[in-house]
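Let's take a walk through a protein together, going from the whole chain down to single residues. Have a look at the sequence and the model first, and then read on.

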Amino acid sequence: MGVLAALAGTVGLGRAGWAAGLAYGMVLLAVLDRGRRRSGADRLGPADWVTLVRATLAGGVTALVVDSFSRPIAVPALVGLTAVALSLDWVDGQVARRTGTVSALGARFDMEVDSFLVLVLCAYVTGQVGPWVLVIGAMRYAFVAAGWALPWLHGSLPPRYWRKTVAATQGIALAVVAAGVLPAPLAVAVLVGALALLVESFGRDVFWLWRHRARAVRQELARPAAVRPAAVRSEPARPEVARPEVARPAAMRAPVPAARRTGWEPGAPVLVGRAEVGGRRS
């Protein structure tokens, strides 16, 4: 809200920008709260607050980009907000490591802010280079969508510094093109190069996950059913139905050895967990 008010009071912000910025803020808070509750965290860590500042700046960029579809906007304000948001991407990682507050929630929050900011910038520069540039912003979401059909894409990837470098390159290249300081052919060349790096990075990760797909499927089956994609959720186990005991005379009942009274008995139902893979119960 503060960023939108500052933009409205300095460079101006139309109704479309206000609507987009407010909608973005409400969705951001709802999604962040849901992620915090699902992770079991009672509050945000120091690095998460830095990422929240980045997300707020991304909301200002979103408002300006949406506003640009109906009226001229202040490009320096757009580039300035983007530059600060990209710079803080390095800061939140440093804060997390120095304070010992690295978490899965923080890593996911940081990644989603980066992805959305890149997508919004792609939408802005379509007027300069064409709609094909949306492929850069959509690739992350296409990867997530593919994971619903291919469970092995949900596997854990090993840390790779090159992946972070490529991600940062996308934001920097888009910010430079958005500034309008490059001639059209050079702007296209810069973004084509950024897209090539992104395809290489995603391709390498997908190939690695495919080679280790068996382990990735086991990891998915080990996750709670509430957070698994529908494609890999195990069927709910059917409740055991107690069978009525047929009354027999005591003389006809075979004595049960003491060693077997607490274990499995012939004729008793055998229950096997449906998510049991490789001899380990998830």
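**A guided tour**

Of the 282 residues in this protein, 33% count as buried. Keep in mind as you look around that this is a predicted model. The protein has nine helices and two strands. If you follow the sequence from its start, these elements come in the order α-α-α-α-α-α-α-α-α-β-β, with the two strands following the nine helices.

Now think about the surface and the contacts. The protein exposes about 17,100 Å², and 66% of that area is supplied by carbon and sulfur atoms. How much of the contacts with a separation of 6 or more is accounted for by residues 24 or more positions apart? The figure is 74%. As you go on, watch for residues that are distant in the sequence and yet meet in space.

Before we visit some pairs of helices, here is a handy idea. Two packed helices are described by the angle between their axes and the distance between the axes. We can use that description for three pairs.

Start with helix α1 (residues 2-10) and helix α2 (residues 15-39). Their axes come within 10 Å of each other and cross at roughly 165°. An angle over 145 degrees counts as roughly antiparallel, so α1 and α2 are roughly antiparallel to each other. Their crossing is right-handed. On the α1 side, the contact is made by Leu 4, Ala 5 and Ala 8, and on the α2 side by Trp 18, Gly 21 and Leu 22. Sorted by class, the residues of this contact are five nonpolar, one polar and no charged.

Helix α1 also packs against helix α3 (residues 46-68), at an angle of about 45° and with the axes 9 Å apart. That angle makes α1 oblique to α3. This crossing, too, is right-handed. Here Val 3, Leu 4 and Leu 7 of α1 meet Thr 56, Gly 59, Gly 60, Ala 63 and Leu 64 of α3. The classes in this contact are five nonpolar, three polar and no charged residues. Did you spot Leu 4 again? Leu 4 takes part in the contact with α2 and also in the contact with α3.

While you are at α1, find Gly 2, which lies in this helix. Is Gly 2 buried or exposed? Its relative accessible area is 54%, so Gly 2 is exposed. Gly 2 and Thr 56 are 54 residues apart along the chain, and their C-alpha atoms are separated by 9.0 Å.

Further along the chain, look at helix α7 (residues 161-178) and helix α8 (residues 184-211). The axes of this pair come within 10 Å and cross at roughly 160°. These two helices are therefore roughly antiparallel to each other. The crossing of α7 and α8 is left-handed. Many residues take part in the contact: among them are Trp 162, Val 166 and Leu 174 in α7, along with Ala 187, Leu 191 and Arg 204 in α8. By class, the contact has 12 nonpolar, three polar and four charged residues.

Helix α8 also holds Arg 211. With a relative accessibility of 56%, Arg 211 counts as exposed. Measure along the sequence and Arg 211 is 59 residues from Trp 152, while in space the two are 9.5 Å apart, C-alpha to C-alpha.

Our last stop takes in two buried residues. Ala 85 lies in helix α4 (residues 75-99), and because its relative accessibility is 1%, it counts as buried. What does Ala 85 contact, leaving aside its neighbours within four places in sequence? The residues are Arg 54, Leu 57 and Leu 117. The C-alpha atoms of Ala 85 and Leu 57 are separated by 6.1 Å, with their positions 28 residues apart along the chain.

Asp 114 is found in helix α5 (residues 104-129). Its relative accessible area is 18%, so Asp 114 is buried. Not counting residues up to four places away in sequence, Asp 114 touches Arg 54 and Asp 89. Arg 54 thus links our two buried residues on this stop: Arg 54 is in contact with Ala 85 and with Asp 114.

Conventions. Residues numbered from 1 in each chain as written. Predicted model: local features only at pLDDT ≥ 70, side-chain atom pairs only at ≥ 80, totals over all residues. Heavy atoms only, no water. Axes fitted to C-alpha atoms, helices over the stretch in contact; angles between N-to-C directions. Helix = DSSP H or I, 4+ residues; strand = E, 2+ residues; numbered from the N terminus. Parallel < 35°, antiparallel > 145°, perpendicular 65-115°, else oblique. Left-handed = near helix turned anticlockwise from the far one by under 90°. Contact = heavy atoms within 4.5 Å. Nonpolar A, V, L, I, M, F, W, Y, C, P; charged D, E, K, R; others polar. Buried < 20%, exposed > 50% of the residue type's maximum accessible area, 1.4 Å probe, protein only. Areas by Shrake-Rupley, 256 points an atom, 1.4 Å probe, with all protein chains shown as cover.
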